[in-house]
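Me: I'm new to this one and would like a close look at a single part of it. Could you pick one residue, tell me what surrounds it, and then work outwards from there?

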Amino acid sequence: MHTSVLKQVFRRNFRPMASVAMYEGPEFSMEDCKNHLSQFCGGSFDLQIDDSCGIATLVINHLAKKNAITGSMMVQFEEVVCTLEKWINGKGLLLYGAEGNFCSGGDLNFAQKTSSPEGGYKMATFMQNVLSRLQKIPLISVAFIDGYALGGGAELAISCDFRLFSKNASLGFVHAKMGIMPAWGGMTMAIQTLGYKTALDLVSTARLVRTPEAQNIGLCDAVVDSAEEAKAWLSERVKWDVSATRAIKAVAANVRNSHLTEEHIWDYEKKVFSPLWGGPANQQALQSKVKHK
């Protein structure tokens, strides 16, 4: 079923809870949202691309605010995603925060200046678009969490395919403490990753999850001491041919994010697989008589 048709079906069948307030204001284009967010400056997302290994590193850098995210950083993040979407040699992405802290959430100064339903809708529209696109790029993504990943920082982390914690790391969907909820897609992605009850518990209590518990509930995939160790962990998952790695991630992302029928999901898988069969990497493996030990 075509995406536009699915949206029409959703709108026709969706019935909001009577007791929950819904936004009824104007819609905004991505360009409108970008222009709005660009006014609120500070911090940066620093991208480095290594074609030799196919891994990009992205550092959240706003040290004065414990790597809190401003409006201009959101715009930079979208520009990073655009770059990664065009990077045909890429296989992996490592995301982490500068100087021992992942991200303390949204910048409070930015939040105060944009605190209105329209301001919230613009930010949510923009960041949902960016994070959903990030998930669909055929790069295996890893968030290395050192220190705190709070609020929007937790949403960035849950958007990645894997999360590696340091021994002293903490992650918290602390939005409810601020009278809000996740809006960058974090609630949906937490449910997809952790299951309904676990995600609802974490978001509704707004509590911090430390490394041991994160391991127990499937939020943490490994414990490492540094970004260098996190990159080595990621390297093990992107060491094969670029065409195979990107195909694997593309199919996995399609299943995770798809609202299509099982038939369409399986059809996508075989169509991505088919060019690999007899492709250069496959031929080389066959000729070398690879043994599976």
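## Starting from one buried residue

Reply: Let's start with M73, which you'll find in helix α3. Keep in mind as we go that this is a predicted model. M73 has a relative accessible area of 0%, and because anything under 20% is called buried, M73 counts as buried. What does M73 touch, once you set aside its neighbours within four places in sequence? The list is G42, G43, S44, F45, I60, N61, H62 and A68. One of those, H62, sits eleven residues away along the chain, and the C-alpha atoms of M73 and H62 are 9.2 Å apart.

Stay with helix α3 for a moment, as it covers residues 71-85 and also holds E78. Is E78 buried or exposed? E78 is buried, because its relative accessibility is 8%, and the cut-off for that word is under 20%. The contacts of E78 are with M30, K34, F126, V130 and R133, again leaving out neighbours up to four places off in sequence.

Now go back to two of the residues that M73 touches, S44 and F45. Strand β1 runs over 44-50, and I60 and N61, also in contact with M73, bring us to strand β2, which is residues 55-61. These two strands run antiparallel and are joined by seven bridges. If you'd like one pair to find on screen, look for Q48, whose bridge partner in β2 is T57. Together β1 and β2 make a hairpin, with four residues between the strands. The turn includes G54, which has a positive phi of about 75°.

That hairpin belongs to something wider. Six strands make an open sheet with mixed pairing, and their order is β1-β2-β3-β4-β6-β9. At the edges stand β1 and β9 (222-223), and each has a single partner strand, so one side of each has no neighbour in the sheet. A bit of background helps here: strands in a sheet pair through backbone hydrogen bonds, in either a parallel or an antiparallel way. You've already met an antiparallel pair in β1 and β2. For a parallel one, look at β3 (residues 92-97) and β4 (residues 140-145), which are joined by five bridges. One pair to pick out there is L93 with its bridge partner S141 in β4.

There is also a three-strand sheet, open and mixed in its pairing, with the order β5-β7-β8. Its edge strands, β5 (148-150) and β8 (209-210), each pair on one side only. Helix α6 (residues 152-159) packs on this sheet and touches β5 and β7, and its direction makes about 100° with that of β5. How much of α6 is buried? Eight of its eight residues are, and going along the helix these are G152, G153, A154, E155, L156, A157, I158 and S159. As for the strands of that sheet, β7 (residues 170-172) pairs with β8 in the antiparallel sense over two bridges. In that pairing, L171 stands opposite V209 in β8.

Let's head for places with more on show. Remember F126 and V130 from the contacts of E78? Helix α5 spans residues 117-136 and holds Q128. Q128 is described as partly exposed because its relative accessible area is 41%, and that label covers values between the 20% and 50% limits. Beyond its neighbours up to four places away in sequence, Q128 touches A183, W184 and G185. Measuring from C-alpha to C-alpha, Q128 and G186 are 8.9 Å apart, though 58 residues separate them in sequence.

For an exposed residue, try L108 in helix α4 (residues 108-113). L108 counts as exposed because its relative accessibility is 54%. Along with M178 and I180, L108 makes a nonpolar surface patch of about 340 Å².

To finish, zoom out to the whole chain. There are 13 helices and nine strands. Of its 293 residues, 42% count as buried, and M73 is one of the buried residues. About 16100 Å² of the chain is exposed, with 56% of that supplied by carbon and sulfur atoms. Finally, take the contacts between residues at least 6 apart in sequence: 74% of them join residues at least 24 apart.

Technical notes
Residues are numbered from 1 along each chain as its sequence is written. This is a predicted model: local features need pLDDT of at least 70, side-chain atom pairs count only at pLDDT 80 or more; totals for chains, interfaces and linings use all residues. Side-chain values use heavy atoms; hydrogens and water are left out. Patches are made of residues with over 30% relative accessible area and no salt bridge: like charges are joined within 9 Å, nonpolar side chains (Val, Leu, Ile, Met, Phe, Trp, Tyr) within 5 Å. Accessible areas come from the Shrake-Rupley method with a 1.4 Å probe; for residues, only the protein chains shown count as cover. A salt bridge is a side-chain nitrogen of Lys or Arg within 4 Å of a carboxyl oxygen of Asp or Glu. Buried means under 20% relative accessible area, exposed over 50%, partly exposed in between (1.4 Å probe, protein chains only). Contact means heavy atoms within 4.5 Å. Two strands pair if DSSP finds at least two bridges between them. Axes are lines fitted to C-alpha atoms, for helices over the stretch in contact, and angles run from 0 to 180 degrees between N-to-C directions.
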